[in-house]
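Let's take a walk through this protein together, from the whole chain down to a few corners of it. Keep the 3D view open and turn it as you read.

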Amino acid sequence: MGMTLTRAAEWTSASSGIGKLEITPINESLLRSILQFVEHFGARHPREAKHVFKEPLQWNTTLEESDFHTGYLVSGPNVQSHERSSEGLPLLQLSPPTITVHSFSQLSKVVQLAESKRLKEVRACLEENRDPVVKILGPSFATVTEREDTSALRLVDEVKEGDLAKESEIKVKLFLLLQHLDNQLLSNSLKQISQEVRLSPAAVKNEVELLKRFCGERKRRVLKSLRYTSDYEFSNGCHSPPWRQVHGDICYLVIEPCDTETLYVTCSTAGVFLNKGITHEGDDSTYERTSDVYKDLVTLLKNRTPHFAENINNQDFAVEEDFSSAPNLPQVELMGVEEHGQPQTSGERHEKHAHERGRRHHAAHKPGSSKKMEPSLKWRNLELSSPHQEMEQKKARKGPSKEEPLTTPENTLISDSKKKQDLVPGGQSAPKVKSPSGREVLEDLSDSSTESEEEEEQPERRTAEHTMDLPPEYWHIQKLIKYIKCGNQTATLIALCAMREFDLSEDTCQMAIRDVGGLEVLINLLDTDEIKCKIGSLKILRTISQKPPIRRAIADLGGLQTMVKILESSIKDLKALAAETIANVARYRRARRTVRQYGGIKRLVDLLHCVPDSAMLTEEQEKDVEVARCGALALWSCSRCTRNKEAIRKAGAVPLLARLLKSPHENMLIPVVGTLQECASERSYMVAIQSEDMIKDLVKNLYSDNQELQMHCASAIFKCAEDKTTRDLVREYKGLKPLVTLMSNADNKQLLAATTGAIWKCSISMENVAKFQEYQALETMIGLLTDQPEEVLVNVVGALGECAQVPANRVTIRKCGGIQPLVNLLTGTNQALLMNVTRAVGACATEIDNMVIIDRLDGVRLLWSLLKNPCANVQASAAWAICSCIENAKDAGEMVRSFVGGLELIVNLLKSTHIEVLASVCAAIAKIAKDKENLAVITDHGVVLMLAKLTNTTEDKLRRHLAQAIAHCCMWGSNGEAFGEARAVAPLVHYLKSQDSAVHRATAQALFQLSKEPKNCITMHETGVVKPLLVMIGSTDEILQEAAAGCMANIRQLFLAYDKARYG
């Protein structure tokens, strides 16, 4: 265990005290394995379980005296075990909150008593006892990492001594058990760890060379200097000495940033991190890692130097060359280095953008040109100019004068009519934004978003018509902004208060603020020392930041950076207002990235601390609740980005959100649950929600009267219920009934979509399906199959498809009239809906009465037409449904022949590369080939050669259905001989080595049919088919038994005929 905890487990970096085990899938797997080992240790190894530890294991437990019963002495809050050591000490002592355990027998009982909190107990024990083997067996068994482990040899010597032979023998076995567990845990962890991307010397060298171009003493730079500690490069590209290369080190760098102290960096195959200060090789103590591991140098520098992060993202650094020899060449600007993300543990991909721009110099330096007054670059970039400026720009767009060259700076701005969105993969539009240098760049597309409104947040453009007949409020607000600009503190406060008297949510009022430069003034007020001015400014910004153009403007003016700093203020009102404003602005994608880059995530998480749980609060406690609520709101907005989700988890938000989830305040619960449901799509959050026992609170809040809260709780369950444990917990905490009840709120489409989604995922477990039957959920869902939005239909049909796996439910669907609306949905275009509908129709078709209705409604023809769908998953799902229809149709052969071109279409799908499509099509061909006429037709379409080409597959699912298809196709003409000529026989023999019994049965049937051709028998015998067939003849599966025996009989008859012909 010690080696696993040292090398494989993932620990948080702690500035003080000891680190904690991170809530990650790999840690969850380790904890479950250790829990299983400890829980059953007493029963499996009773002698070793009684061995008294060298030192007791101690940790803070959640157990109380009421949890202990037989075998324990309870005295007030303290507990002692009746079981004692040879020295008379109890083997278990509880002095809340500390528990002390001296043996595995008591340790096993502790985890059994903990019940649902078992994992928490194991986690707490391991965090407090980083090397438990030392305490169990003694210091001589400390985890060995760099030297030879002689622990086992020492134990053998102790056994030989004789006096303590029995005790030493137990100790040896205990050590071997622990060592076996350690090796098993390391082996499992290695499978996951080995899949991580590794750095190479070439990649590091390229990045270093690129960053060196950003260094120097000139004004426009991001780093002062960057150098290797050793310029000598080995043949493998490494700069580190050979004795460090064995540890994965590639090189060591000394980097001088512009705004922080010198950084000493190690580049290794595992990533990039800070060391203790290597200036030259040789001092071993300086190689130790002192920071997180990052994917590359750019990522590390972005997290360590704000100056670097800000200027790199601005894409405003040019490669300055000496153009004196070529004055007519344009200056080339280097592409901006986009954000590479969080430290390596986040496992996210790099973001790449490229942009080029040429600068025109001859127009700018034209003889006789005079300097022209220009508006602020910030306002030009934001396109929030005044009405007068709009008129000037409109004139400019009509085209340049004949005397004016086409390369003037004004003409480098793209006209409104040509500013169109660039298409990105998937057919969506990528929004463009202005960089500070005035260029248009593609917005960062790697940050996922769940809100469609993001794509619509384009800069607002107004024409002169908008400025006509402006109301008096427009001019009043502009006057107030001017008072703020030139007035003293008192005048500023009065003007701010007066502004709040207007309805600032109106477009006219916001237009007035923007046109006169009011946004810049309000943001500047946040940098003052006057608390009241800051509060007044934030209250206005909080209101107006509800609109997309204002959000974009605040982000581009640097307002977010200032608000992130305010989060550290000691004034609670300020922190709450700043967090709520950030929540509004962070609905905009680039704003979320800015919050993360400037340390806003960690500060927002800190706002969640110290929140009382009681319903009755003092005035000060109410402020604490409000601060935490606003912090949760901001985290909710920020969590719409994949990288921010990982940053939120690493900042320690999960336990805090779990605590806030128990709050009695609904206004607190909504942003908390909103954040959780947004993050629940990540596997690490699913694990955390389970381990922190949040499912119970989510189910509890389903009973709330607040529909928004119910919606977010249902959505969180929807995302988490992909995991079986979560589905079981929802049922255990009685969460299925409120979900069924919530379907009655048909008017609230968002709530209905979340509820039906949760029901769909929960119905994957058959135990839950039984409960849904009891609550009559099917009848309600069938009523939702018409006049509903697609997101609701996808979920409802998905749930019906899962429920239809039970025969009784298929009857219910028919009796409630659900077949017709399901068939009608087969004409849709939504791929997710089509996948679910085909699955549901296929499940219903297994009932003969249902199949009659489906055939009458022309459902089979619609299913067949979906084989032409461009989505492979839809094709596969349709083919599986067709299998059920053919099997249960009254006259299946005639039905299939009635589809013009249908047989050719399904045979051609054997050219697909999608495994699921191939498996489903093979299954369908096996059903089709039962009809002789249809078999003749597909033989003419070349089905034999196509099936033969697939026989080298290693996928058991495809093997099974492919063998069935071959078995049925052999029953026509010379198809059996054709399969032999196509070399399909030998690969089929190898299928018998599979671990899947269904593959064995189908393969034996295929080999039996193929063995009717003498040449195939010879091939089978040469490939070694006899031995596995002999084993299968003794199988309990009668079909397999009969097919294997038949194949053997055909082979035997061939050889008997050969012997007779040869010897007479």
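Of the 1064 residues in the protein, 50% are buried, where buried means under 20% relative accessible area, exposed over 50%, and partly exposed in between (1.4 Å probe, protein chains only). What you're looking at is a predicted model, in which local features need pLDDT of at least 70 and side-chain atom pairs count only at pLDDT 80 or more, while totals for chains, interfaces and linings use all residues. Residues are numbered from 1 along each chain as its sequence is written, and side-chain values use heavy atoms, leaving out hydrogens and water.

The protein has 56 helices and 13 strands; these are DSSP runs, numbered from the N terminus, with at least four residues for helices (H or I) and at least two for strands (E). Now take the contacts (heavy atoms within 4.5 Å). Among those between residues at least 6 apart in sequence, 68% join residues at least 24 apart.

Let's begin with some strands. Strand S4 (residues 92–95) has two faces: Leu92 and Leu94 are on the covered one, Gln93 and Ser95 on the uncovered one. Strands count as paired if DSSP finds at least two bridges between them. Strand S3 (residues 78–81) runs antiparallel to S4, joined by two bridges, and Val79 sits opposite Leu94. S4 also pairs with strand S5 (residues 98–103), again antiparallel, through four bridges. Here Leu92 has Val101 as its bridge partner, and a hairpin of two residues leads from S4 to S5.

Further along, there's an open sheet of four strands, ordered S6-S7-S8-S9, with antiparallel pairing. Why do S6 (223–228) and S9 (271–274) each have one side without a neighbour in the sheet? They stand at the edges with a single partner strand each, so one side of each is left free of a neighbour there. Neighbouring strands are turned by 25 degrees against each other on average, direction ignored. Strand S8 (residues 263–268) is joined to S9 by four bridges, and one pair to look for is Cys267 with Val272.

Two helices meet this sheet. Helix H10 (residues 201–212) packs on the sheet and touches S6, S7 and S8. Helix H12 (residues 297–304) lies across S6, S7, S8 and S9, at about 150 degrees to S8. Axes here are lines fitted to C-alpha atoms, for helices over the stretch in contact, and angles run from 0 to 180 degrees between N-to-C directions.

H10 and H12 also pack against each other, at about 50 degrees with their axes 10 Å apart. They are therefore oblique: angles under 35 degrees count as roughly parallel, over 145 as roughly antiparallel, 65 to 115 as roughly perpendicular, and the rest as oblique. At the contact, Glu207, Val208 and Leu211 of H10 meet Leu297, Val298 and Leu301 of H12.

Now try another helix pair. Helix H29 (residues 666–679) and helix H32 (residues 707–720) pack at about 25 degrees, with axes 9 Å apart. That makes H29 roughly parallel to H32. Residues in this contact include Leu669 and Val673 from H29, and Leu709 and Ala716 from H32.

Finally, find helix H19 (residues 518–525). How many of its eight residues are buried? Six are, so to speak, tucked away, and the helix is mostly covered; Gly518, Leu519, Val521, Leu522, Ile523 and Leu525 are the buried residues.
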